[in-house]
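I opened the model to go through its helices, sheets and cores. These are my notes, in the order I looked things up.

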Amino acid sequence: MEWIIIILIVLLLVILISCIKIVPQAQAYVVERLGAYQGTWSVGLHIKVPFLDRVARRVNLKEQVADFPPQPVITKDNVTMRIDTVVFYQITDPRLFTYGVENPMMAIENLTATTLRNIIGELELDQTLTSRETINTKMRAALDIATDPWGIKVNRVELKNIIPPAEIQNAMERQMKAERERREAVTRAEGEKKANILVAEGEKESAILRAEAEKQSAILRAEAEKEKMIREAEGEAEAILKVQQANADGIKMLKEAGADEAVLKIKSLEAFEKAADGKATKILLPADLQGIASLATAFREVSDK
């Protein structure tokens, strides 16, 4: 009898312990009583009624990622390609998530595939390849509305890979290669054009500088020649002036020495001869040249005797 009591006590303790539930962070428990929805347990300590209550589902409230395999889609211009998508979602209502749909992940996958086909079917190949952001936004909006009755919120949808057919890929590679070659040719032509322009500008500038240098050199030579001529003329004028001054001083000294008129006239004639000396272009003859000549002849005859 005692063993039976001990066994009953142990069973009762086991049952009581099993009725104590601790819900961890970022999780929720959906509890049913006699098969009907009883409530949703959040984080903390909870006690259920033995044999009546049961935890129908443990729901993860963290943001989750669903990576679906590539799906075949057809564009508006009848190009078949394969696109795989990544869906970021979060469960906002554990009750709707538990009772809203039988298999939520399968439902989201199928809904993603059909939505993707509808959106891609309205776009051509080039638009599909260049409009990822637009496709992501449209898919997120459509999936969020469709999954709201299931207690699921779609935060983001991303197109992971867009895989066109092999022949399309080859054509795109050839097109990209041709475009790169065209850009290279344009860049090279522009570089050569700029180089030619720079060379021509350099030659033009060099010619201008040479012309200016030659002009400046000619000006300097002309100024130097002019200066030389001026100095030569000033030298000749100064030499003539000094000769005239010397003659004038000589005549003055003769006068002071008491020389007669005949000697003065002969000295004047000698000064006249030196002044001419083959360099003068104009010669002014004195009025009494004949008298001076007669006097010079007589003077020469007296000297010979």
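**Entry 1: helix H5.** How many residues does H5 have, and how far does H5 reach from its first C-alpha to its last? I counted 16 residues and got a reach of 22 Å. That is close to the 22 Å expected at 1.5 Å a residue. I note here that the model is predicted.

Next I asked which residues of H5 are buried. I found Ile135, Asn136, Met139, Leu143, Asp144 and Thr147. They lie on the same side of H5, because they cover an arc of only 155° around the axis. I then looked up what these buried residues pack against. The partners are E8, H3, helix H4 (125–130) and E9.

**Entry 2: the cores.** I went from H5 to the largest nonpolar core, which has 29 residues. Which of them touch the most other members? My list reads Ile83, Leu116, Ile135, Met139 and Leu159. Four elements each supply at least two residues of this core: strand E8 (80–91), helix H3 (104–120), helix H5 (132–147) and strand E9 (152–163). Another core lies apart from it, with 5 residues. Val23, Tyr29, Trp41 and Val55 are among them.

I kept one general point in the margin: in soluble globular proteins, nonpolar side chains tend to be buried together.

I picked Met139 for a contact list, leaving out residues up to four places away in sequence. Met139 touches Thr85, Thr112, Thr115, Leu116, Ile119, Val157 and Leu159.

**Entry 3: strand E8.** Is E8 mostly covered or mostly open? It is mostly covered, with 9 of its 12 residues buried.

I listed the pairings of E8 one by one. Strand E6 (residues 64–67) runs antiparallel to E8, and 4 bridges join the two. Ala66 has Val87 in E8 as its bridge partner. Strand E7 (residues 71–74) also pairs with E8 in the antiparallel sense, over 4 bridges. There, Gln71 stands opposite Ile83. Ile83 came up earlier in the largest nonpolar core. E7 and E8 form a hairpin with 5 residues between them. In the turn, Asn78 has a positive phi of about 60°.

E8 and E9 are joined by 10 bridges and run antiparallel. I noted Ile91 opposite Ile152 in E9.

**Entry 4: the open sheet.** In what order do the 3 strands of the open sheet come? I read E3-E2-E5, with antiparallel pairing. Strand E3 (36–41) and strand E5 (53–60) are the edge strands, and each pairs on one side only. Neighbouring strands here are turned by 25° against each other on average, direction ignored.

I then followed strand E2 (residues 27–33). It is joined to E5 by 7 bridges, and to E3 by 5. On the E5 side, Val30 has Arg57 as its bridge partner. On the E3 side, Glu32 has Tyr37.

**Entry 5: positive phi.** The hairpin of E2 and E3 has 2 residues between the strands. Leu34 lies in that loop. Its phi is near 55°, a positive value in a residue other than glycine. Is Leu34 buried or exposed? Leu34 has a relative accessible area of 67%, so I marked it as exposed.

I found another case in Ala26, with a positive phi of about 65° although Ala26 is not a glycine. Ala26 sits in the loop between strand E1 (20–23) and E2.

**Entry 6: Leu96.** I located Leu96 in helix H2 (residues 94–99). Leu96 counts as partly exposed, because its relative accessibility is 28%. What does Leu96 touch, not counting residues up to four places away in sequence? I got Val101, Asp148, Pro149, Trp150 and Gly151. Leu96 and Gly151 are 55 residues apart in sequence, and their C-alpha atoms are 4.8 Å apart in space.

**Entry 7: the whole chain.** I closed with the totals. The chain holds 8 helices and 9 strands. Of its 305 residues, 22% count as buried. Among contacts with a separation of 6 or more, residues 24 or more positions apart account for 63%.

Terms used:
Residues are numbered from 1 along each chain as its sequence is written. This is a predicted model: local features need pLDDT of at least 70, side-chain atom pairs count only at pLDDT 80 or more; totals for chains, interfaces and linings use all residues. Side-chain values use heavy atoms; hydrogens and water are left out. Two strands pair if DSSP finds at least two bridges between them. Axes are lines fitted to C-alpha atoms, for helices over the stretch in contact, and angles run from 0 to 180 degrees between N-to-C directions. A nonpolar core is a set of buried Ala, Val, Leu, Ile, Met, Phe, Trp, Tyr and Cys residues joined through side-chain atoms within 4.5 Å. Buried means under 20% relative accessible area, exposed over 50%, partly exposed in between (1.4 Å probe, protein chains only). Contact means heavy atoms within 4.5 Å. The expected span of a helix is 1.5 Å times one less than its number of residues. The arc is that of the directions from the helix axis to the C-beta atoms.
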